Amino acid sequence: NDVYDTCSAILTELGESIPEFYTLSESSEMIVETIKMYENAGEEWLKSDATVDKTLRNTLQLYRAITFASFFCKSHSMVVYFSSKAVQLSLSRGICEHTPLSLLQFTAVAIKDDNAMMCYRIAKNALSLRERFDLATQIPELYMNFYGRVAWRFEPFQAGVHKLRQCLDAGLSSGRSDIGLFCGLNEIKYALFSGANLKSLLKRIDYYLHLMETYRSEATKNNVLIIRETVSSLIDNGQATSIEASACVGDLNDPKNKLREAFFHHSAIRCFWLGHNGRCRYYGKKCIDLFWQGGQVTSYVAKFYLGLNSLGLISTKREVRMNKEVVREAIAAMKDAADNSDWNFSNKFRLLQAEHLSLNKRHCPVTVLPLYDESIESARKSGFIHEQGLACEKAGLFCKDVLNMEKALEYLNQARECYEKWGSDIKVAFIQK
């Protein structure tokens, strides 16, 4: 709040307009307007001479700072406003060393299904400007925006894990502990999505919590504690891996509460893996209803798990019509996501297809099992050991339902091996039962 207020006051003195609030429709219009300005400027704009306008450079630097601050203390629409203003200023008045980060901050909040390719291209072009300017001190923030918010739509989750881990160290060594620790938060988020070994991940999380205590980073610490609870639950339901510290999530009805997305998302994940279908549906729906417009990776992962969860509810004849709509939306979302990133989403799309077909008894195993196998192989190639195990588990349960016990045992043994590699004792125990 202090950073926001200071930047707001200086920008106002410089003649910039700072609104008290900005609506969702206004922010959507501003995204379209900014992308159109970029397209009209063309790729040649990136090669134009760097501006010597000191006022512009200082203004862009202030917009960079207020964009980052508003992420924590203002609405998503306000973040869009500030990031769009910075890009529009640079497009109209000149390029400088602050332009690359302005472009990346903009694409991080502007990217949606209908503009994903264009935003990705803008972000890649922004990174290419490192060759023109000395941006060594900006690397953690550049990568945080690119790998934390944009790249997942097109590049492997694991690429983000690697780069964000580097940026944590770079941020701490350069005196930007806020950026470095935020990179660390995103690193462990993508590591979880990638199927990293849970027990190794838990150790890294505890190391990061120690750093956050040292640097007194409460906001980031609360997010990491939420992820830690998920990892602990997936290992042994917290029986031997839980700690006394817990996240202070605040008022979950407050739209300004920045922990709401993480809380609902991770609550849905935990409930899915632990078999709490009703609660998974509640938390997953909350996550998607509140944050789907933001177009972030957490919403897509939640939609995948919510779709599988709803398929399970349909099989027990519970609220069939509503759950069918959830499944339809999940399959459509995973198909669209897989069109951009086969690596990250094809296995999810195939598993949803297989489970959907398995509900219809008219489809024989010859029709359904190839889809399970495609999901298993896709997850294996992408290194998603947890989702490989999940697909094996679902295939095994399907074979059990159609009384093919030999094949069921084969799939379930594969699932157990995957879950052992993942480090989930609770899932291993479930399979063994």
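1. Let's start with Thr137, which counts as exposed at 63% relative accessibility. Keep in mind that this is a predicted model. Thr137 sits in the loop between helix 6 (116–128) and helix 7 (139–150). Its C-alpha atom is 8.4 Å from that of Ala170, a residue 33 residues away along the chain.

2. On one side of that loop is helix 6, with 13 residues. From its first C-alpha to its last, helix 6 reaches 18 Å, close to the 18 Å expected at 1.5 Å a residue. Among its buried residues are Met118, Cys119, Tyr120, Ile122 and Leu127. And what do the buried residues of helix 6 pack against? The partners are helix 2 (24–41), helix 5 (99–110), helix 7 and helix 15 (320–340).

3. On the other side of the loop is helix 7. Its twelve residues should span 16 Å at 1.5 Å a residue, and the end C-alpha atoms are 15 Å apart, which agrees. Eleven of the twelve residues are buried, so helix 7 is largely enclosed by the rest of the structure. The buried ones include Pro140, Glu141, Asn145, Phe146 and Arg149. What covers them includes helix 3 (54–73), helix 5, helix 6, helix 8 (157–173) and helix 9 (177–194).

4. Phe146 of helix 7 turns up again in the largest nonpolar core, which has 130 residues. Along with Val231, Trp273 and Leu390, Phe146 is one of the residues with the most contacts inside that core. Take Val231 as an example: leaving aside neighbours within four places in sequence, Val231 is in contact with Leu192, Leu198, Leu201, Leu202 and Ile205. Apart from this core lies another one, of 19 residues, including Cys7, Tyr22, Leu56 and Cys96.

5. Now for the cysteines. How many disulfides are there? The count comes to zero. Cys392 and Cys418 make a good pair to check. The sulfur of Cys392 has its closest cysteine sulfur in Cys418, 4.9 Å away, and that is too far for a bond because a disulfide needs the two sulfur atoms within 2.5 Å. Cys418 is likewise in no disulfide, with the sulfur of Cys392 as its nearest. Both cysteines are tucked away: Cys392 is buried with a relative accessible area of 0%, and Cys418 is buried with 5%.

6. Next, the largest pocket, with a volume of about 1200 Å³. The pocket is lined by 42 residues, and those nearest its centre are Phe71, His76, Lys258, Glu261 and Phe291. Which helices each supply at least two residues of the lining? They are helix 3, helix 4 (76–93), helix 9, helix 11 (218–236), helix 12 (260–274) and helix 13 (277–291). Helix 11 gives the largest share, six residues.

7. Last, have a look at Thr298, in helix 14 (residues 297–315). Is Thr298 buried or exposed? Thr298 has a relative accessible area of 8%, and it counts as buried because that is under 20%. Leaving aside neighbours within four places in sequence, Thr298 is in contact with Lys189, Phe193, Glu261, His265 and Cys287. One of these, Glu261, is a name you have already met among the residues nearest the centre of the largest pocket. Compare Thr298 with the threonine we began with: Thr298 is buried, whereas Thr137 is exposed.

Definitions and conventions: Residues numbered from 1 in each chain as written. Predicted model: local features only at pLDDT ≥ 70, side-chain atom pairs only at ≥ 80, totals over all residues. Heavy atoms only, no water. Helix = DSSP H or I, 4+ residues; strand = E, 2+ residues; numbered from the N terminus. Buried < 20%, exposed > 50% of the residue type's maximum accessible area, 1.4 Å probe, protein only. Contact = heavy atoms within 4.5 Å. Expected span 1.5 Å × (residues − 1). Core = buried A, V, L, I, M, F, W, Y, C linked by side-chain atoms within 4.5 Å. 1 Å grid on protein atoms, 1.4 Å probe; cavity = no way out; pocket = protein on both sides within 12 Å on 5 of 7 lines; lining within 4 Å. Points joined across faces, edges and corners; volume = space filled by probe spheres on them.
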